[in-house]
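Reader: I have a new model open on my screen and would love some help in reading it. Could we go through it feature by feature?

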Amino acid sequence: MKRSLVTGATGFIGRRLAQELVRRGDEVACLVRRTSHIAPLKALPVELVVGDLGDPASLAPAVAGRNRVFHLAGVVQAVDELAFDAANAQGTRNLLDACLRAAPGLERFVFVSSIAAAGPNEPGKPMTEGDEPRPVSAYGRSKLAAERFVLKAGARLPVTIVRPPNVLG
């Protein structure tokens, strides 16, 4: 049985991912903050682990013994660039550090980033994976910084980065 941790499970995509993992037979834990609106998760047979990406000490218990970590948590609105960086980039870095310390058997770390990390394409030229990212917003820059932390950790962890397009829901 896979033991999965989902961050961002109170969000639109994260909740659906948690549902699907449960449906597939995973033992699922969801990292939630004390202030999270957890009502949508109450109907699922998931473990709620209280922690915060900004509190590194709270993350080790959340990742310990997990086979997979799906990191979807992040902020899309913040007061300034520093707040985006703290939540999206540094929060990801804290979670990666916890995985490296407390989850030696981790089979996969999946980071759900954003198309905003890539930035806009040149007119008439679709972007490819080989194109240099050019994010134009503080949000996009923070997600790109998080991706770079994930890629760096990829030397010691199996990682995957996904950049979904705009999600409406």
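Author: Happily! Keep in mind that this is a predicted model. Let's begin with helix 4, which has 16 residues and reaches 23 Å from its first C-alpha to its last, close to the 22 Å expected at 1.5 Å a residue.

Reader: Which residues of helix 4 are buried?

Author: The buried residues of helix 4 are Ala138, Tyr139, Gly140, Ser142, Lys143, Leu144, Ala146, Glu147, Val150 and Ala153.

Reader: And what do the buried residues of helix 4 pack against?

Author: Their packing partners are helix 3 (81-102), strand 5 and strand 6. As for its placement, helix 4 (residues 138-153) lies across strand 5 (108-112) and strand 6, and runs at about 170° to strand 5.

Reader: Those strands bring me to the sheet. In what order do the six strands come?

Author: First the general idea: strands of a sheet pair through backbone hydrogen bonds, either parallel or antiparallel. In this model, six strands form an open sheet with the order 3-2-1-4-5-6, and the pairing is parallel. Strand 3 (47-50) and strand 6 each have a single partner strand and stand at the edges, so one side of each is left without a neighbour in the sheet. On average, neighbouring strands of this sheet are turned by 20° against each other, direction ignored.

Reader: Could you show me one pair of strands up close?

Author: Take strand 1 (residues 3-7) and strand 2 (residues 27-32), which pair in the parallel sense over five bridges. To find your place on screen, look for Ser4, which stands opposite Val28 in strand 2.

Reader: Now for a bench question: how many disulfides does the structure hold?

Author: A disulfide is a covalent bond between the sulfur atoms of two cysteines. This structure holds zero disulfides.

Reader: Why is there no bond between Cys30 and Cys99?

Author: Because the sulfur of Cys30 is 15 Å from the closest cysteine sulfur, in Cys99, which is too far for a bond; the cut-off for a disulfide is within 2.5 Å.

Reader: Are these cysteines buried or exposed?

Author: Cys30 counts as buried, at 0% relative accessibility. Cys99 is buried too, with a relative accessible area of 1%.

Reader: Then where would I look for an exposed residue?

Author: Try Pro165, which is exposed because its relative accessible area is 58%, over the 50% cut-off. Pro165 sits in the segment after strand 6 (159-162). For a sense of distance, Pro165 and Ser58 are 107 residues apart in sequence and 31 Å apart in space, C-alpha to C-alpha.

Technical notes
Residues numbered from 1 in each chain as written. Predicted model: local features only at pLDDT ≥ 70, side-chain atom pairs only at ≥ 80, totals over all residues. Heavy atoms only, no water. Helix = DSSP H or I, 4+ residues; strand = E, 2+ residues; numbered from the N terminus. Buried < 20%, exposed > 50% of the residue type's maximum accessible area, 1.4 Å probe, protein only. Pairing = 2+ DSSP bridges. Axes fitted to C-alpha atoms, helices over the stretch in contact; angles between N-to-C directions. Contact = heavy atoms within 4.5 Å. Expected span 1.5 Å × (residues − 1).
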